Amino acid sequence: AALKGQDRKANSEPVISLDNFFFNNELRYKNILDLRSYVDITCNLCNRTKPDISCSKCWIVKYCDHQCRLKDYRAHQDFCSYFRKGYIHKLDLIPTVMTSSNLIGNHSKSLPVSDYMKGEFLVKMSNGIDYYGLPKDDNPSPYELRIYDEFRNISGVTHHKELTRVVQHLGRLGAEKVYNKSVYLHAKLVRKTQDSTVIEVRSDLILHDQAW
């Protein structure tokens, strides 16, 4: 039988899940973490406010101190493993100098590697044919990503099918660009050498409209 009244209205509401969240465009949530906002403000073990440290693996679950983190270790493992598998991506970048142009402001600033090892920082991730001032390749791989931080100390090229889809589906065009899209993601530096830069990025929180 056809649903009527309140039952019909309730059945028409979109289902919110971690898998389809980003496709419910009419929702006014910023990202999936809004569904777990309590994690950002309380200790995952004792629920005290203003926790001081985060889980070093998933980055988002927080604790008062290392004692709370150790006590919650086993209980946290399932969520931590799930989140890392779905939203934390380890990338090995081929170091590449990202030049500036009139359309991409020059924010270059030399910073020591130790500054990047202290915590999270933003990186810009772009994919497309027209790099607008960045080095061009006439035949780029469809999964090629160009990644750099605001000060161009972390910069390079990598290939990643899943993140390319994130950029193409959730990225925004810049200026008069037709084919190139970009997003800003939170990242952590794993290691940096002359020949390689390894970072981890979070794909659960997508940012746009930064000034660089």
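**Cysteines, salt bridges and nonpolar cores in a predicted model**

At 32% relative accessibility, Cys46 counts as partly exposed. In this predicted model, Cys46 takes part in no disulfide, and the nearest cysteine sulfur, which belongs to Cys64, lies 3.4 Å away. Because a disulfide requires two cysteine sulfur atoms within 2.5 Å, a separation of 3.4 Å leaves Cys46 outside that class. Cys58 is likewise in no disulfide; the nearest cysteine sulfur to it is that of Cys55, at 3.9 Å. With a relative accessibility of 0%, Cys58 counts as buried. The structure as a whole holds zero disulfides.

Charged side chains were examined next. Side chains of opposite charge can pair when their charged atoms come close. The count of salt bridges in the model comes to five. One of them joins Glu200 to Arg84, with the closest N and O atoms 3.3 Å apart. This pair links distant parts of the chain, since Glu200 belongs to strand 9 and Arg84 to helix 4 (residues 73-87), 116 residues apart. Glu200 counts as buried because its relative accessibility is 12%, whereas Arg84, at 27%, counts as partly exposed.

Strand 9 also contributes Arg202 to a salt bridge with Glu120. The closest N and O atoms of Glu120 and Arg202 are 3.6 Å apart. Glu120 is located in the loop between helix 5 (113-116) and strand 4, so its pairing with Arg202 ties together parts that are 82 residues apart in sequence. Glu120 has a relative accessibility of 35% and therefore counts as partly exposed; Arg202, at 5%, counts as buried. A further salt bridge connects Arg202 with Asp204, the closest N and O atoms being 3.0 Å apart. Asp204 and Arg202 are both buried. Glu120, Arg202 and Asp204 are thus linked in a network of salt bridges.

The nonpolar interior was then considered. In soluble globular proteins, nonpolar side chains tend to be buried together. The largest nonpolar core of the model has 19 residues, of which Leu91, Met125, Ile147, Ile199 and Val201 touch the most other members. Two or more residues are given to this core by each of strand 3 (88-95), strand 4 (121-127), strand 5 (144-149), helix 6 (161-170), strand 8 (181-192) and strand 9 (197-202). Strand 8 provides the largest share, four residues. A second core, separate from this one, has 14 residues, among them Ile53, Trp59, Cys80 and Tyr87.

The surroundings of Met125 were listed with its neighbours within four places in sequence left aside. On that basis, Met125 is in contact with Leu91, Leu145, Arg146, Ile147, Leu163, Val167, Lys181, Ser182, Val183, Leu185 and Val201. Of these partners, Leu91, Ile147 and Val201 are also named with Met125 among the residues that touch the most other members of the largest core.

Leu170 is part of helix 6. Its relative accessibility is 27%, so Leu170 counts as partly exposed. Membership of a nonpolar core requires a buried residue, and buried means under 20% relative accessible area; Leu170 is therefore not eligible for a core at its 27%. The C-alpha atoms of Leu170 and Leu207 are separated by 9.5 Å, although the two residues are 37 residues apart along the chain.

Conventions. Residues are numbered from 1 along each chain as its sequence is written. This is a predicted model: local features need pLDDT of at least 70, side-chain atom pairs count only at pLDDT 80 or more; totals for chains, interfaces and linings use all residues. Side-chain values use heavy atoms; hydrogens and water are left out. A nonpolar core is a set of buried Ala, Val, Leu, Ile, Met, Phe, Trp, Tyr and Cys residues joined through side-chain atoms within 4.5 Å. Buried means under 20% relative accessible area, exposed over 50%, partly exposed in between (1.4 Å probe, protein chains only). Contact means heavy atoms within 4.5 Å. A salt bridge is a side-chain nitrogen of Lys or Arg within 4 Å of a carboxyl oxygen of Asp or Glu.
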